[in-house]
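Biologist: Please show me the model, so that we may discuss its strands and its chain contact.

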Amino acid sequence: MDAAVLDGLRAAVGASAVLTEPAAVRAYECDGLTGHRAVPAAVVLPLTTEQAAAAVRVLHRARIAFVARGSGTGLSGGAVAITEGVVVCLARMRSVLAVDIANERATVQPGVTNLAVSEAVAQHGYFYAPDPSSGSVCSIGGNVAENSGGAHCLKYGFTLHHVCGVTMVTAAGDVVRLGGAVPDTPGYDLLGVVVGSEGTLGIVTEVILRLVPRPPTCITTLAAFDSMESAGNAVSAIVSEGILPAAVEMMDRLTLEAAEAAVHAGYPDCEALLLVEVDGPDAECRTVLAAVDRICREAGGTETRVASSAAERALLWRGRRAAFAAMGRVSPDYYVQDGVIPRTRLGPVLNGIRELEREYGLRVGNVFHAGDGNLHPLVCYDGHVAGESEKALELAGRILDLCLAEGGSITGEHGVGLDKACHMPKMFSAGALAVMERVRHAFDPDGLCNPAKLLPTPRLCGEVPGPYRPHPIETAGLAERL
Amino acid sequence: MSTAAPAARALLARELGDGAVREGAEADAVGGIVPGAVVTPAGEEAVAAVCAVAHREGLALVVRGAGTKQRWGRPPRRCDAVLDTRRLDGVVEHAPGDLVCTVRAGTTLDELRGVLDAAPGHRQWLPLDPPQGGIQTLGGAVATAASGPLRARYGTARDLVIGARYVLGDGTVGHSGGKVVKNVAGYDVTRLLVGSLGTLAVITEVTVRLHPRPAATRSLLLERASAARLGELADRLRTAPVVLTAADVCWPDATARLRVEGTEEGVVEQAAALAEISGARILDVGEAEAVDSALVVRPWRGEGAVAGLAFPRTRLADLLELASAYATEMVVRATLGVAEARLPESPEVVAQLRAAVARLGGHLALHRGGAALAGAAWPSETGPEVALMRALKLSLDPAGVLAPGRALGDVEHAG
């Protein structure tokens, strides 16, 4: 990298906050989807919005591409670095700047972890609602980039609904404030498109979050089923009766066994398990819980059990949250897919996944946010067996085809990133993609801000050969995923 | 009328056929400009054709649904033709098991309600109740982000719309989001269209998430309460063990209307808890209907401008003092920190109230303005944020086809 640019970056953030040593920058070569890797030329670690803006101005002047990065837990390769580019890592910006309980707002820096927000306001009886499974390590900045969900977004909504405002450094290094502590900022809803833009429209350096009061009552219950289909039918029946639980999660036998081995949650021995949480005013919860219990039994539930204590409730959820990582116990490698279907189509899609298992001779674990039809099939494979990782990726892509055939989406919460950019034309028309390009161009006319992510490019998608073609298959299975 | 009106009409008629194009009349005027033509395309392809012609020929189009909110934003600088969406009507698909519904943009809220009510075995609704009522189109409600009391629980169109189809000013047909609630694929262009006042794209189809219609509701009314008492009430509601469907303070009436919904057992418990906390009276069914239906149209009935205000919810009492000084009437969504105020059509009043609300930490934007207030629609039209808005408008509608000048960030087109 040009020495003048490096000097400029050092002037912007301080010499000790610019990393260029190969061993140091290699730590930033990938995110949670470790199959995609690229080593950046430099990493900068700003402490303030002004430092981040100054660094971006240096890069903008030199027309050097950059990638914003938080904790690096993303599962779509959205934070993969660019060779010859710079990673702007926000991990050192981890202060909760202000908490205003009476107005139900918290202002935080982007490196603050998701869980730390809830911890900071718990003493006041409040929490931060979006709860991705990686909440204890993932950052709020990353949550904004991905519009993160989690189990409880069924009732509480996504990051989009809980971010009131951001301070953002634009691709040119200007500082803008989008949204704010109070609602209805005049003009176009730029905040609405920045949330979920995967770091391609700017770098968010400060976030105003909406806080939610803890509900008076919260009850978790589980229901065991002897088939995934009957569990799926129970989910449809619950929603059709007009019940909106806080969360409805489903796990199949394979993921249950893995999770049970990892955390000993005491799950029943069954083909499919539903984890249902209801919260709200007490009388409302009791009525709803009774209805959920009845519906599950009518749908063929073999056992239902209400968590009898806060500790048991926490344990049931710990098993669910550990499900991805626990797959390492039953398979040397696995690929986490993320697709969405209308929840009434659970049965046919699960059958389709079973057929794919047989066709490819690979096992697929299923753990998902059943209430909103967000599937997380875990495609198991052994990276040391020649050809198996390719087969696994192909199978995972076929699952997305199943989702799209039912009118669903190629991603519910993990994002498009590098991993799924080439799937975008399956879901969006050429016109729709052209409009997205024009949105991106308005924010980043020079194409410096996390390029080659989110939207398909000929280079990335193999239509035109080029010198740099990260082949996911070559490197998949180099390490276990988070 | 634009001097090129007959030419514009002829161009559009050649594209769509005479039956879909007529001469504009006084009643079609937008911001004092009588359009040369009113076009009523019957489908998305026809919308794309109209836009392509307009883009090529340098015509300005103003999209209109039922026409209930044509005075929102700043008057467009040009209007060669009104693009009437009312033939883009009908429910495309209602998937009750998935609680989603896809609707053409020109469908009225009343029509949608009728279709949902007729679905056998389901009690579902789109909980969106802007003051302009059931005659407005869904596309119009989305393009203006208009909302009513139900916003307290269900949010605005921003929270209820999960996907859209649209046509840009140059005729490009796009879509975003989809038919599943949880979906992060691609840019959320749908969010940009919500509240864009028809300046970024013509919305042709909208997919919304529905909610189950509650089995029971209760309304409560608190009367003759001082500003200070209403301010205290808003704070107490924050931690009350209830889920409010609506919490509206009306001024100068000095009343608060609270509403809860859910199961019958649930609302009995919640209403009792609310009555104890607030001192409000639980209304019987007849009285509740009368109070609720009178409230939903306020403060839009009557002459004057209507402004949207936002403020930190802890400053409710201060806001009500401002309402006494400047507003004819004001309705505050007390748990959200937003309000709508009817004001005299005076730039001085708008400027003074705006400055006072800014001192509370909030802002004011005009919804229904008037010629005298054309320059006072928004607090500021400068800064890097507005520059980004302008870049977006230029990127999506470089020729300024769609209601040029109507939205914040469209200042260059205003010439």
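The questions and answers below concern a sheet, a strand and an interface.

Modeller: This is a predicted model, in which local features need pLDDT of at least 70, side-chain atom pairs count only at pLDDT 80 or more, and totals for chains, interfaces and linings use all residues. Residues are numbered from 1 along each chain as its sequence is written, and chains are lettered from A and ligands numbered from 1 in the order in which they are written.

Biologist: Which strands of chain B stand at the edges of the open sheet?

Modeller: Strands are DSSP runs (E, at least two residues), numbered from the N terminus, and two strands pair if DSSP finds at least two bridges between them. In chain B, four strands form an open sheet of mixed pairing, in the order β1-β2-β4-β3. Each edge strand has a single partner, so one side of it is left without a neighbour in the sheet; these strands are β1 (21-23) and β3 (61-64).

Biologist: Which residue in β2(B) stands opposite Val21(B)?

Modeller: β1(B) pairs with β2(B), residues 37-39, in the antiparallel sense over three bridges. Opposite Val21(B) stands Val39(B).

Biologist: Which element gives the largest share of the side of chain A that touches chain B?

Modeller: Residues are in contact if their C-beta atoms, placed from the backbone, lie within 7 Å. The contact takes 68 residues from chain A and 70 residues from chain B. Among the elements of chain A that give two or more residues are α8 (228-240) and α16 (430-443); helices are DSSP runs of H or I, at least four residues. The largest share, ten residues, comes from α16(A).

How values were computed
Contact = placed C-beta atoms within 7 Å.
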